[in-house]
Amino acid sequence: MTLGYRHVLIATDLAADDEGVLARGIELARHYQAGMTLLHVVEYSSAVIAGDLLTPEDVTLDQERVTQARQQLVELQQRLSVPEARIQVELGVPKHEIVRVAGELGADLIVLGSHGRHGLQLLLGSTANGVLHLAKADVL
């Protein structure tokens, strides 16, 4: 029986108020001497969400957003002094991509923040709520 965690997946939406959650995930990974991955999921362009056909411009925009997100994660990693962390940026629906990546990495703890939702977003559910219900790993 293994005590503690072996790999911590820390998902971030790169918002300024995410740093407390990130710090807690990093602290847990270091405490358990676990592997650590910082993940950001870039959501598809609005055309895909609306059910429209994907155009080359949308693909280019998505790739630019992925490149920007990767740079922001590198800067975040440097600012938080976590050289041992792996950085990963995915494109898709955040709750599904977080759970998929956690499974592929063998992450046994997923750490992510939760932002208040109102109106339609509350009815549709948040990313944190979706991850909580879909993940096989522990979720904080």
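**View 1. Helix α4 and its span.** Helix α4 covers residues 94-105, twelve in number, and runs 16 Å from first C-alpha to last, close to the 16 Å expected at 1.5 Å a residue. That expected span is 1.5 Å times one less than the number of residues in the helix. Helices here are DSSP runs of H or I with at least four residues, strands are runs of E with at least two, and both are numbered from the N terminus. This is a predicted model, where local features need pLDDT of at least 70 and side-chain atom pairs count only at pLDDT 80 or more, while totals for chains, interfaces and linings use all residues. Numbering starts from 1 along each chain as its sequence is written, and side-chain values use heavy atoms, with hydrogens and water left out.

**View 2. The two sides of α4.** Pro-94, Glu-97, Ile-98, Val-101 and Ala-102 are the buried residues of this helix. They sit on the same side of α4 because they cover an arc of only 135 degrees around the axis; the arc is that of the directions from the helix axis to the C-beta atoms. Over on the other side, Gly-103 and Glu-104 are exposed. For the cut-offs, buried is under 20% relative accessible area, exposed is over 50%, and partly exposed is in between (1.4 Å probe, protein chains only). The buried residues of α4 pack against β1, β2, β3, β4 (109-112) and α6, with contact meaning heavy atoms within 4.5 Å. Just past the helix, Gly-106 has a positive phi of about 75 degrees.

**View 3. Gln-88 in strand β3.** Gln-88 belongs to β3, residues 86-91, and counts as buried at 10% relative accessibility. Its side chain makes a polar contact with the side chain of Glu-90 at 2.8 Å. A polar contact is a pair of N or O atoms within 3.5 Å; within protein, one must be able to donate a hydrogen and the other to accept it, and residues adjacent in sequence count only if both atoms are side-chain atoms. Setting aside neighbours within four places in sequence, Gln-88 is in contact with residues including Thr-37, His-40, Leu-73, Val-101 and Leu-105.

**View 4. Helix α1.** Helix α1 takes in residues 19-31, 13 of them, and reaches 18 Å from its first C-alpha to its last, close to the 18 Å expected at 1.5 Å a residue. Its buried residues include Leu-22, Gly-25, Ile-26, Leu-28 and Ala-29. They cover an arc of only 160 degrees around the axis, so they end up on the same side of α1. Exposed Gly-20 and His-31 are on the face turned away from that buried side.

**View 5. Positive phi on either side of α1.** Most residues other than glycine have a negative phi. Leu-14, in the loop between β1 (7-11) and α1, has a positive phi near 65 degrees. Gln-33, in the loop between α1 and β2 (35-42), also has a positive phi, near 50 degrees. With 76% relative accessibility, Gln-33 counts as exposed.

**View 6. Asn-129 in α6.** Asn-129 lies in helix α6, residues 127-134, and counts as partly exposed at 35% relative accessibility. The C-alpha atoms of Asn-129 and Val-139 are 9.8 Å apart, with the two residues ten apart along the chain.

**View 7. The whole protein, for context.** There are six helices and five strands, in the order β-α-β-α-α-β-α-β-α-α-β. Of the 140 residues, 39% are buried.
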